[in-house]
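Reader: I work at the bench and would like a close look at one part of this model, the enclosed space inside it and the residues around that space. Please take it step by step and keep it plain.

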Amino acid sequence: KKMDLHRLLSALSMSAIGGGYRSGFQCDACKSSFPPPFDLRFHCEVCPSFDFCPSCAQKFRHPHLMKKTKTSFSCDGCGSTIQDDEARYECSQCGFDLCPKCVKIVSHPHQLKQGNRSISIKSVPTPSTIESHSIKRTSSSEGRFLTTKFISDWAKGSNAHINVLRIFTIENSKLEKAYNRYKSTLSTSEDILLYHGTSACALEQSSCRSTSCSTCSISRDGFNISLAQSNIEWGRFGRGIYFALHSSKGHDYNGKSETSVKSRALLVSTVAVGDPFVTKTNMSQLTRPPSGFDSVMGVPGKDLNYPEIVVYNNDAVLPRYIIIYTAHAGNRAGATASPGTDGRYYCGRRVLRCGCCDGHCGPTNGCNCSDCQWLDSQRI
């Protein structure tokens, strides 16, 4: 059935991302002003002039969807940040931006505007030396916001012990242009920040070229729906690209890094949800959204404990961040627990009183305690 996306996402405590920034705003919670060095704010699109700073966005709730807006724009030619004192050449048709350097060497099919001046750069060839993709360490202020959000979004197994190691920002002008083109075709355009778990290398400074590292491959080439569910036997909502509103849900679907048995990676992407088909039941035969809808949103009910969002078009996703972290599951008692080969969690404590084992909660006994059984139940 159709459902108001703003109301639904507000109820699920999810924030959106997108839009532009202008300095001089004031947080309506703590009353502090936040021009740069803050590089983002949260703005209500319903209430006039209502904003949260990144810190207050995590502490306080608002009845409407708060949209995350950035303080700066990136050049779609070289990927660098366009500073406030620099000229920005903008395409009003597709959201394409160029810095003063790239406007001289990068072609674009539409007219670009800089202030009141319009220019045409259709005939300028694009040099092959311009890199459209880069991964770099996230700025400290945005890194703090993402770390707080990542931990607060950990809803499944809330006793987990989480440590964020590194956060990277993905800049890919090719994928961003494809994403903006796709988004322009939707009648309802919503940018939502969601989690996707996948295998990864132990990123340090830049992306790798390993074919087995899905995270770096996605950040470079985008999602490929033909590879959907290649590592699992069944898709709850068919052959699509799956995302989670909760970081802990994405964690269930990622793999340990190639060079570390402890660290894992989650992709954080902007997803064009459009008008989602909302359901509480499995629809495993889908290859596209139901007629009249742009995506599928599974909400808690008959078959789900935690929400999932599925899109069926590669261009509906723009990878934005990579979070490298460690997470040790904590059971209901707060004890660290690890999954055995049978998929059940075991904490190793001597708390069992059954006659079939030595009393330890462990895979060698095949018995797990009630606190770990609770953790098992959180996996759906």
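Author: A cavity here is a set of grid points where a 1.4 Å probe fits but cannot get out, and a residue counts as lining if one of its atoms is within 4 Å of such a point. The model is predicted. Rolling a probe the size of a water molecule over the atoms shows where empty space is left.

By that test, the structure holds one cavity of 30 Å³ or more. The space in the largest cavity comes to about 30 Å³. Its lining is made up of Leu146, Lys149, Phe150, Leu193, Tyr195, Val268 and Ile323. Two elements each give two or more residues to this lining, namely helix 3 (140-152) and strand 13 (191-197). Helix 3 contributes the most, with three residues. Sorted by class, the lining has six nonpolar residues, no polar ones and one charged one. Lysine belongs to the charged class, so Lys149 is the charged residue in question.

Next comes the helix itself. Helix 3 has 13 residues, and the distance from its first C-alpha to its last is 18 Å. That is close to the 18 Å expected at 1.5 Å a residue. A residue is called buried when its relative accessible area is under 20%. In helix 3 this applies to Ser141, Glu142, Gly143, Phe145, Leu146, Lys149 and Phe150. Leu146, Lys149 and Phe150 therefore appear both among the buried residues of helix 3 and in the lining of the largest cavity.

Two of the lining residues, Phe150 and Tyr195, also face each other as rings, so the aromatic pairs come next. A pair of aromatic rings is described by the distance of the centres and the angle of the planes. The structure holds six aromatic pairs. In one of them, the ring centres of Phe150 and Tyr195 are 6.2 Å apart and the planes stand at 70°, so the pair is edge-to-face. The cut-off behind that label is a plane angle over 60 degrees. Phe150 belongs to helix 3 and Tyr195 to strand 13, so this pair ties together parts that are 45 residues apart in sequence. Phe150 and Tyr195 are both buried.

A second pair is made by Trp154 and Tyr325. Their ring centres are 6.1 Å apart and their planes are at 75°, so this pair is edge-to-face as well. Trp154 sits in the loop between helix 3 and strand 12 (161-172), while Tyr325 sits in strand 19 (residues 317-330), so the pair ties together parts that are 171 residues apart in sequence. Trp154 has a relative accessibility of 9% and therefore counts as buried. Tyr325 has a relative accessible area of 0%, so Tyr325 is buried too.

The two pairs belong together. Phe150, Trp154, Tyr195 and Tyr325 form one aromatic cluster. Phe150 and Tyr195 are also in the cavity lining, where they appear with Leu146, Lys149, Leu193, Val268 and Ile323. To put the parts in one place, helix 3 gives three residues to the lining of the largest cavity, and one residue of helix 3, Phe150, is paired with Tyr195 of strand 13.

Conventions: Residues numbered from 1 in each chain as written. Predicted model: local features only at pLDDT ≥ 70, side-chain atom pairs only at ≥ 80, totals over all residues. Heavy atoms only, no water. 1 Å grid on protein atoms, 1.4 Å probe; cavity = no way out; pocket = protein on both sides within 12 Å on 5 of 7 lines; lining within 4 Å. Points joined across faces, edges and corners; volume = space filled by probe spheres on them. Helix = DSSP H or I, 4+ residues; strand = E, 2+ residues; numbered from the N terminus. Expected span 1.5 Å × (residues − 1). Buried < 20%, exposed > 50% of the residue type's maximum accessible area, 1.4 Å probe, protein only. Phe/Tyr/Trp six-rings, centres within 6.5 Å; stacked < 30°, edge-to-face > 60°.
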